[in-house]
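Please work through the following exercises with the sequence and the model at hand. Each task is followed by a solution in steps.

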Amino acid sequence: MAIINIDGRDFSADTLDNLLHVCLSHGLDLPYFCWHPALGSVGACRQCAVKQFSNPDDKAGRIVMACMTQAADGTHISIADSEAAAFRASVIEWMMTNHPHDCPICEEGGECHLQDMTQMTGHTYRRYRFSKRTHRNQYLGPFIKHEMNRCISCYRCVRFYRDYAGGDDLDVHAAHNNVYFGRDTDGVLENEFSGNLVEVCPTGVFTDKTLSSAYNRKWDMRSTPSVCVHCGVGCNTCVSERGGQVRRILNRFNGAVNGYFLCDRGRFGYGFTNEPDRNVTPRLKTSAEGTVPLPKSEALEILSQMVSAGKKAIGIGSPRASLEANFALRTLVGPGAFYAGISAQEAACLAVMVECLNLRTLKIPTLPEIEVADAVFVLGEDVANTAPRLALAVRQAVRSRALDLAGQLQIAPWRDAAVRQIGQDIHSPLFVASPTETRLDDIATKLYHAAPSDIARLGFAVCHHIDNSSPEVDRIPEEIQAIAKGIADALMQAKRPLIVAGCQLGDATILRAAVELARALHSDERKPGIAMVAPECNSLGLAFMQNGSVQDAFMAVAQGGISTAIVLENDLYRRADSHAVNAFFKQADHVVVLDHISTETTENANIVLPCTNFAECEGTLINSEGRAQRFFQSSIPKNDVEPSWLWLRDISGTPEWRKFDDIVQALSRAFPVFGGITNAAPSGDFRVAGSRIRSEPHRYSGRTAVNAMQTIHEPKPAALEGSPYSSTMEGYYGPMPSPLIPFFWAPGWNSGQSLHKFQDEVMGSLKGGDSGVRLLESLAAGATTHSVPTIPKAFVREADRWLVVPRHHIFGSEELSARASAITELIKPPSLFLNTDDAQSLGVANGASLKVTFDAGAITLTLIISPELPSGVAAMSAGLPATCKFSLPAWATLRREAAS
Ligand code: SF4
Ligand code: SF4
Ligand code: FES
């Protein structure tokens, strides 16, 4: 710990940090551009200049860049020094010579770091009177708008995109005073984290096209904290809406989860909330009139009778619905009649995850802990496509070796250029075992492409090398033994080894092998991490409720005696083969579906009840690490739309649940594992001096204009019932518990860069601790015994059939985001992937039409040759409307279709 004197006051500092980090962490205002807390320093913009004095008697001092100067004990600096202030003002003035005067029409305006820094330095008068340099803008795809004239050449964009996220299609071109940040040619940005450019760029060069399509000034939106619903990572987001329409998603910093970045699915996948054909009124299917609207009171009456005493109802829950909604359904139908609404394969995988978490002896790492792992083994999961933010963390982990080397040379980790120069192409070991190529292959030490069972066998073989008391894998080829030994050696030598596995391939033995491996690696010195990937935003929450799969529910209906099946926020056609779902609809007397989107399941239902989406209600989700996180309502739902738990309460007549917090309390009492969810966020009656927190900023200006074409009198927005938020700009905004911060703003800091004002220190946690609670950590140690794993048999290819495994893609495989128009543009057509030899054996080439016939039905797909696929294994695009009807993995015959 060091003491730094800044303008005559002493401040504590970590000697490993730089002076900019120290100043910002202590709440001091010092302008900057090129430095970013997660990207480190390169000293490119010269904006953070301060005066450094060699001792208290030194009156001359010298200008240094705060972001490039290490915090040494006894350092004296001045931010206020007139020479330093003039230097900073002239840096802005140079930058502004080419910056257009277009703030009034710039989409960044009002939330712009460049505007803030210009104000902060006092550069208020332009002396430059000559022509400005102009650039041609590029088409960069459906997410990002490009306006290069606004660039100040800070290099943040390429440092994030290339160095941090591993993208290679965005670069800096040309030289001197005419540099250009863009692609070689117009085209869609290829990296799945491109949306972060919107927040990383300190000016309006890269802006959010999805917001542009329904643009309003950034201060004219209502915002609340939320949690991404598009995978199991549970990134924290800030949802902004206007007039009932979600307009944008921003990253919401959580030091233990997503940090500063989101993936593009999470940022741009919200379009499903604004679908014109979403469910807004209850409807009933009649044999005489077809589907007719059903008044809410009648709907409740009919449903109450359907579930009344003597009639047997079952409930099918959902991994994309909140814990509270699932619990309300379970309470309505009774625990024995509640089914999880996921496939049997997925249920088996999640059961292994739950068993592992319940052991509580293995380390479940947070994303920041994953970022510093020094050897990683990924089994059977293409994380960039199933849990993208986790893949970004693994991408940072491979830099551990370079950071260690830099550390040996006394070079601090934030000296980004120096560390990358030292590291060059040196990577920490990363092993990836997957049937298909993955988006981490470019940084992998070794790839192993195999069938799911062989991936599990490799995992067990590595395990046996580490701990020879673990079962030996029989008949394993020498070459695979050598790979297993190499992986085992690397993991053993690492200080912070990490195992990653998940449910993607629907093979629980892979997860079982991963857990065994983590157990074998565990020693007094080594605390290996195991990161497990749950498929959806609340898959784990549902798994903790321990219920049967969707197939079990269908079986219960097939056995007869069930009068009503209630389906919660779930399209069953994505969970089971379509002939099984069709049979379920035929066999069930009444099927009632609660959902906000229209699906094949709502089309077939007898009664549909319109429920809220994540932006219209509160709820709790459990992410893949067992963290309970709360999302809050920002939009006020229209018509008869209600939260699912409220519909279910009103059907069951459970009057003790008067408000959302009541069901949270009931849930925490019903399951010991959910005991901690009451601490995930303060309750709805949270007030500061009697005031709710305002959900609109104090700069909000548009209330009088929204309905001007109808009336000049602006109605007051409806209240957010049971919420800690006021629905307007009236209310409290100041220090508050971190789960409640609706948006980040501080005086003089209108952009998201104000974040450091809310953190313990730069890169640290939000003040008072990050949002959410890890549920398992507060419980007593779990069982120490676990089931003895069975090592699967080696994969044997069949002569006439292929084992078809799912191949996920970040855009399209996930149900909700796939409905967002921006994402739709990037969804690839449904395809079948085969290796070259297998394709030749069928006499087909790239682009051929193949009929894929499963026991459950057939589909015709376009062939894409993927040389890495093992022989006898095919991959099929996962989760698309055409392909999601088939449960995978499954065996299929392949036949060439004649060209039509
Ligand atoms: S485009 Fe933005 S982030 Fe990139 S160099 Fe220019 S101002 Fe910086
Ligand atoms: S990684 Fe997952 S949770 Fe995070 S933003 Fe992307 S889809 Fe959402
Ligand atoms: S922020 Fe220090 S030089 Fe750019």
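**Exercise 1.** Determine whether Lys218 counts as buried or exposed, and describe its surroundings.

*Solution.* Step 1: Lys218 counts as buried because its relative accessibility is 10%; buried means under 20% relative accessible area, exposed over 50%, and partly exposed in between (1.4 Å probe, protein chains only).

Step 2: In this predicted model, local features need pLDDT of at least 70, side-chain atom pairs count only at pLDDT 80 or more, and totals for chains, interfaces and linings use all residues. Side-chain values use heavy atoms, without hydrogens and water, residues are numbered from 1 along each chain as its sequence is written, and chains are lettered from A and ligands numbered from 1 in the order in which they are written.

Step 3: The loop that holds Lys218 lies between helix H6 (209-212) and strand E10 (222-227); helices (H or I, at least four residues) and strands (E, at least two) are DSSP runs, numbered from the N terminus.

Step 4: Apart from neighbours within four places in sequence, Lys218 is in contact (heavy atoms within 4.5 Å) with Glu107, Glu108, Glu111, Leu211 and Arg248.

**Exercise 2.** Describe the sheet that contains E25, E26 and E29.

*Solution.* Step 1: The three strands form an open sheet in the order E25-E26-E29, with antiparallel pairing; two strands pair if DSSP finds at least two bridges between them.

Step 2: Strand E25 (619-622) and strand E29 (773-774) are the edge strands, each pairing on one side only.

Step 3: Strand E26 (residues 627-631) is joined to E29 by two bridges, and Arg627 stands opposite Arg774 in E29.
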